[in-house]
Amino acid sequence: MDLQTLKTPCLVLDVSRVKRNAERMSRRVLASGARLRPHVKTHKCVEVARLQTAGHSGALTVSTLAEARAFAAHGLTDLTYAVPIEPGKFKEAIELSKQCMGLALITDDPGIPAQLNDAARQAGVSLDVFLKVDCGYHRCGVEPHTNGALEIPRRIAAASNLRFAGILTHAGHSYHCRSGEELLAVARRERDMMIEFAAELRASGIEALTISIGSTPTITAIDHLDGIDEVRPGNYIFFDAFQATLGSCGFEDCAAHDALRRDASRPEPASGDH
Ligand SMILES: Cc1ncc(COP(=O)(O)O)c(C=O)c1O
């Protein structure tokens with residue numbers, strides 16, 4: 001392909017790197033015993049999602065309902081919309097859930113279960129809802145050991161048309177780490193606090209069916225995933241210079257960064273595991 005004649009703007013990917021990144025993460029997650037539900041906001045591309053989920057169930061994480069609709073239209077219908085649902089989006093989410101094998105929603109708002117349940121009941125559907133937990137990013141989510149942390153799952157579980165799907169967190173603050181040790185500590189905290197919180201819920205009579213965690217830096221750094229059901233890394237499929245600086249990958253793994261400048265005479269580096 002002649003890169004000079006491509007119509008811009010366009011995304012130029014090194015597909016062999018994309019495949020290598022997909023395979024490494026796939027192997028890592030399969031070996032861990034957890035399920036892979038990659039986040040697709042990085043690429044929003046059905047073909048890339050199929051590469052990411054080869055050998056897995058095909059489950060995906062999305063960051064908008066528009067993404068959910070686009071993937072569902074191509075048969076990828078096991079979806080988690082991992083941004084807290086708000087009433088303005090109930091109608092769209094409920095309509096979409098009718099076309100999906102599963103469309104899980106998340107909340108950290110004690111007012112949402114009753115309102116969402118009313119909407120679901122009126123539409124004659126049942127919805128899976130996760131509790132969003134804050135593991136240190138402080139963007140959203142409930143803190144374990146607070147009243148809301150038990151009350152929201154209780155309300156979801158008691159609602160006629162909702163099912164308490166489990167607990168979900170995202171260690172976005174892993175991007176602020178400045179050393180491998182710091183990153184490993186954040187990754188372990190993301191994992192361990194969720195396992196402890198699930199045990200606390202169980203002790204109070206609430207079963208969290210799925211414990212879902214993950215970001216690219218934490219899933220790349222973590223030593224084991226025992227006790228975790230599902231992971232949701234996303235950025236790893238292309239990686240970038242920031243991830244390389246963080247230690248999540250090498251610069252030679254970045255699939256979308258220097259495609260136009262790469263010296264064709266330079267050999268591809270040997271693949272090693274991250
Ligand atoms: C809720 C949630 N899960 C998973 C991810 C994937 O994390 P990463 O982009 O580090 O792979 C994100 C990314 O923003 C997210 O917001």
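Biologist: Hi! Where is T80 found?

Modeller: Hello! This is a predicted model, and in it T80 is found in strand 3, which covers residues 78-84.

Biologist: Is T80 buried or exposed, and why?

Modeller: T80 is buried, because its relative accessible area is 1%, and buried means under 20%.

Biologist: Which residues does T80 touch?

Modeller: Not counting residues up to four places away in sequence, T80 touches R37, L60, T61, V62, A104, I106, F130 and L168.

Biologist: Let me follow up on L168. Where is the place of L168?

Modeller: L168 sits in strand 6. With 0% relative accessibility, L168 counts as buried. Leaving aside neighbours within four places in sequence, the contacts of L168 are T80, I106, F130, L131, K132, V133, M194, S212 and R232.

Biologist: And how many Å apart in space are L168 and D78?

Modeller: They are 16 Å apart, C-alpha to C-alpha, with their positions 90 residues apart in sequence. For A59 and D78, the C-alpha atoms are separated by 4.8 Å, and these two are 19 residues apart along the chain.

Biologist: Where is A59 found, then?

Modeller: A59 is in the loop between helix 2 and strand 2, residues 60-62. A59 counts as buried at 4% relative accessibility. Beyond residues up to four places away in sequence, A59 touches L36, R37, P38, T53 and D78.

Biologist: New topic: helix 7. What should its 24 residues span, and how far apart are its end C-alpha atoms?

Modeller: Helix 7 runs over residues 180-203, and at 1.5 Å a residue it should span 34 Å. Its end C-alpha atoms are 35 Å apart, which agrees.

Biologist: Which residues in helix 7 are buried?

Modeller: They are L183, V186, A187, E190, R191, M193, M194, F197, A198 and L201. M194 is also in contact with L168, the strand 6 residue we talked about.

Biologist: What do the buried residues of helix 7 pack against?

Modeller: They pack against strand 5 (127-133), helix 6 (147-158), strand 6 (162-169), strand 7 (210-213), helix 8 (216-221) and helix 9 (241-246).

Biologist: Which residue with a positive phi follows helix 7?

Modeller: That is G205, with phi near 90°.

Biologist: Which residues other than glycine have a positive phi?

Modeller: Two examples are K44, with phi near 50°, and F239, with phi near 55°. K44 lies in the loop between strand 1 (35-36) and helix 2 (46-53). F239 lies in the loop between strand 8 (230-231) and helix 9.

Biologist: K44 and F239: buried or exposed?

Modeller: K44 counts as exposed, at 51% relative accessibility. F239 is buried, with a relative accessible area of 10%.

Biologist: While we're on the backbone, which peptide bond is cis?

Modeller: The bond from T8 to P9 is cis, with omega near 0°. P9 is placed in the segment before helix 1, which covers 15-32.

Biologist: Now the ligand. How many residues surround it, and which are the closest?

Modeller: There are 14 residues around the ligand, and the closest are K41, Y175, T216, G234 and N235.

Biologist: What is the distance from a ligand oxygen to the side chain of T216?

Modeller: An oxygen atom of the ligand is 2.6 Å from an N or O atom in the T216 side chain. For R139, a side-chain N or O atom is 3.3 Å from a ligand oxygen. With N235, a polar backbone atom is 2.9 Å from an oxygen of the ligand.

Biologist: How many disulfides does the structure hold?

Modeller: Zero. C140 is in no disulfide, and its nearest cysteine sulfur, in C135, is 10 Å away.

Biologist: Why is the sulfur of C254 not in a bond with that of C249?

Modeller: The C249 sulfur is the closest cysteine sulfur to that of C254, but at 4.6 Å it is too far for a bond. C254 also counts as buried, at 1% relative accessibility.

Biologist: Last one: what is the mean pLDDT of the chain?

Modeller: The mean is 93, and 93% of the residues reach 70 or more. Over residues 262-266, though, the pLDDT is below 50, and beyond near neighbours in sequence this stretch has four contacts in the model. Residues 269-274 also stay under 50, with 14 contacts beyond four places in sequence. Where pLDDT is low, the predicted coordinates should not be read in detail.

How values were computed. Residues are numbered from 1 along each chain as its sequence is written. This is a predicted model: local features need pLDDT of at least 70, side-chain atom pairs count only at pLDDT 80 or more; totals for chains, interfaces and linings use all residues. Side-chain values use heavy atoms; hydrogens and water are left out. Helices (H or I, at least four residues) and strands (E, at least two) are DSSP runs, numbered from the N terminus. The expected span of a helix is 1.5 Å times one less than its number of residues. Buried means under 20% relative accessible area, exposed over 50%, partly exposed in between (1.4 Å probe, protein chains only). Contact means heavy atoms within 4.5 Å. pLDDT is the predictor's confidence in each residue, from 0 to 100. A disulfide is a pair of cysteine sulfur atoms within 2.5 Å. A residue is near a molecule or strand if one of its heavy atoms lies within 4 Å of it. A polar contact is a pair of N or O atoms within 3.5 Å; within protein, one must be able to donate a hydrogen and the other to accept it, and residues adjacent in sequence count only if both atoms are side-chain atoms.
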